[in-house]
Amino acid sequence: MFSKFWRSIIHDKLFSTIYIFGTALALASTTVAVVVLNSMIAPVYPEYNRLQSAFISQIQLEVGDTGSYQYSMSYDLVRDQIYTLKNATEVSAYMQPWNESYITPADGGLELPVTIKPVDPAFFEVYNFRFLAGRPISREEFESGLPVAVIGENTARETFGSGNPEDYLGKTVTVDFADYKVVGVVKEPTHAQTDSYAGVYMPYTSHPEYNEANNGMPCIGPLKAVIVTDDIDALKAEIDDFESRFNSSQQEYQVHFFAQPMSHTDKALGRIWYDSDFSLSSIALAFAVVILSLLLIPSFNLSGIISGHMETRIAEMGLRKSFGATRSRLLREVLVENLSFTLAGGIIGYALAYIILKCGIADMFQDEYIATDMTNEMIFSPIVFVSVFIICTILNTISGLIPVYHALRRPIVQSLNEE
């Protein structure tokens, strides 16, 4: 079969080249788009609970006639209401500081920028980190506000130099001029995983601003929450019930959670916390239109190219029919040839998609808040690869079947008279 495929390429180099590379480009662009979307919403390390995760990022507090404030949640609100949610399997609160943090290398060199995430112990239950050495932050360390830290493997190497993960345990890491004792080293998530990524994790109770009063106003503060739940609607009803009870208990302050808790899928696809009119079906429809356009437009062009190519083979087909070749046999041979070209284009297309994703060119598919940093786990999704290839094969088969079928319907005498 390979020798026949090679003969087909040699017989018409231009046609086979256009067919193979046209298929490769269509499949590569589609694969990149689908893989990027899949990496944003599908479970990947360490965010394996994505499909059950819900988020409360910001709330609004109206203060009488003086105005309103949009901020994260206060420690009191998290402690008394969020941690006690009945429809939550796991609840974790964390801080996401606005200011850039810096870490001091052990050799006393220039400070390095680092992403920090003050968290609670449940953070390591919500996100399934792989510990290369040590352990998570304990409940006792959290409640005591001890200056301990879990550090990412890459950050540890940049700070202390190369070594085994066990070598970093017990060392002191200096972040923003505060010292933390390293108790654990984890495989670091990528920058694309903004919910779980950080170079250094410490108890948020060790952060000086975790319980700031915000001028005595209730509910608002520096804490966000990620919640694992099996029933997000029941969870939302719990939050709505608290909102109603709080607002009716007094007149001075009115708190609003709006569309929260928000599912990970909605959050990843750009839903804003106060957007109650967000339509997931509209997003899905728009994405489907983009994907079909990436596949259908090349297929239509390919159909025209195949039609022109068949015109040059009409005499050959007529001659073979005159020697007894049936229409079904000729149709089968041409379709097998086209499928061979599609397979070759698929292999090249997947290789091209991998290069695009690993080189970061796929940034064009994401917004400014999501960095492209694809791991092999994100890229190599069997379901994505097989689905895209099957759809591409079906479209290529249909685009090739129509002109071939019309060409083979011509009478033998008319075919033999063709140039």
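Me: Phe124 and Tyr201: buried or exposed?

Reply: Both residues are buried, a word that stands for under 20% relative accessible area, with exposed over 50% and partly exposed in between (1.4 Å probe, protein chains only). This is a predicted model, where local features need pLDDT of at least 70, side-chain atom pairs count only at pLDDT 80 or more, and totals for chains, interfaces and linings use all residues. Residues are numbered from 1 along each chain as its sequence is written, and side-chain values use heavy atoms, leaving out hydrogens and water.

Me: What makes Phe124 count as buried?

Reply: Phe124 has 8% relative accessibility; that falls under the 20% limit, so Phe124 is buried.

Me: How do you know that Phe124 and Tyr201 pair edge-to-face?

Reply: Aromatic rings (Phe, Tyr and the six-membered ring of Trp) pair if their centres lie within 6.5 Å, and planes under 30 degrees apart are stacked, over 60 edge-to-face, the rest tilted. Phe124 and Tyr201 are 5.9 Å centre to centre with 70° between the planes, so they pair, and edge-to-face is the right word.

Me: Why does that pair tie together parts that are apart in sequence?

Reply: Phe124 sits in helix H4 (residues 123-126) and Tyr201 in strand E12, so the pair links parts 77 residues apart in sequence. Helices (H or I, at least four residues) and strands (E, at least two) are DSSP runs, numbered from the N terminus.

Me: And what is the pair of Phe124 and Phe129 called?

Reply: Tilted: the rings are 5.6 Å centre to centre, with 55° between the planes, and that angle is neither under 30 nor over 60. Phe129 is buried too, because its relative accessibility is 10%. The two Phe residues share one aromatic cluster with Tyr94, Phe123, Tyr127, Phe131 and Tyr201. The structure holds 20 aromatic pairs.

Me: Why is Thr190 called buried?

Reply: Its relative accessibility is 7%, so Thr190 meets the cut-off for buried. Thr190 lies in the loop between strand E11 (178-186) and strand E12 (200-203).

Me: What makes the link between Thr190 and Gln193 a polar contact?

Reply: Such a contact is a pair of N or O atoms within 3.5 Å; within protein, one must be able to donate a hydrogen and the other to accept it, and residues adjacent in sequence count only if both atoms are side-chain atoms. The two side chains come to 2.8 Å, so the distance passes.

Me: What about Ser39: why does it count as buried?

Reply: At 7% relative accessibility, Ser39 is buried. Found in helix H2 (residues 13-41), Ser39 touches Val44, Arg50, Met374 and Met378 (contact: heavy atoms within 4.5 Å), leaving aside residues up to four places away in sequence.

Me: Which elements give two or more residues to the lining of the largest cavity?

Reply: The structure holds one cavity of 30 Å³ or more. The largest cavity has a volume of about 30 Å³, and its lining is Tyr19, Leu335, Asn338, Leu339, Asn396 and Thr397. Helix H11 (327-359) and helix H13 (382-408) are the elements that give two or more residues, with H11 giving the most, three. A cavity is a set of points on a 1 Å grid over the protein atoms alone where a 1.4 Å probe fits but cannot get out, and lining residues have an atom within 4 Å of a point.

Methods. On a 1 Å grid over the protein atoms alone, a cavity is a set of points where a 1.4 Å probe fits but cannot get out, and a pocket is an open set with protein on both sides within 12 Å along at least five of seven lines; lining residues have an atom within 4 Å of a point. Grid points are joined across faces, edges and corners, and a volume is the space filled by probe spheres set on the points.
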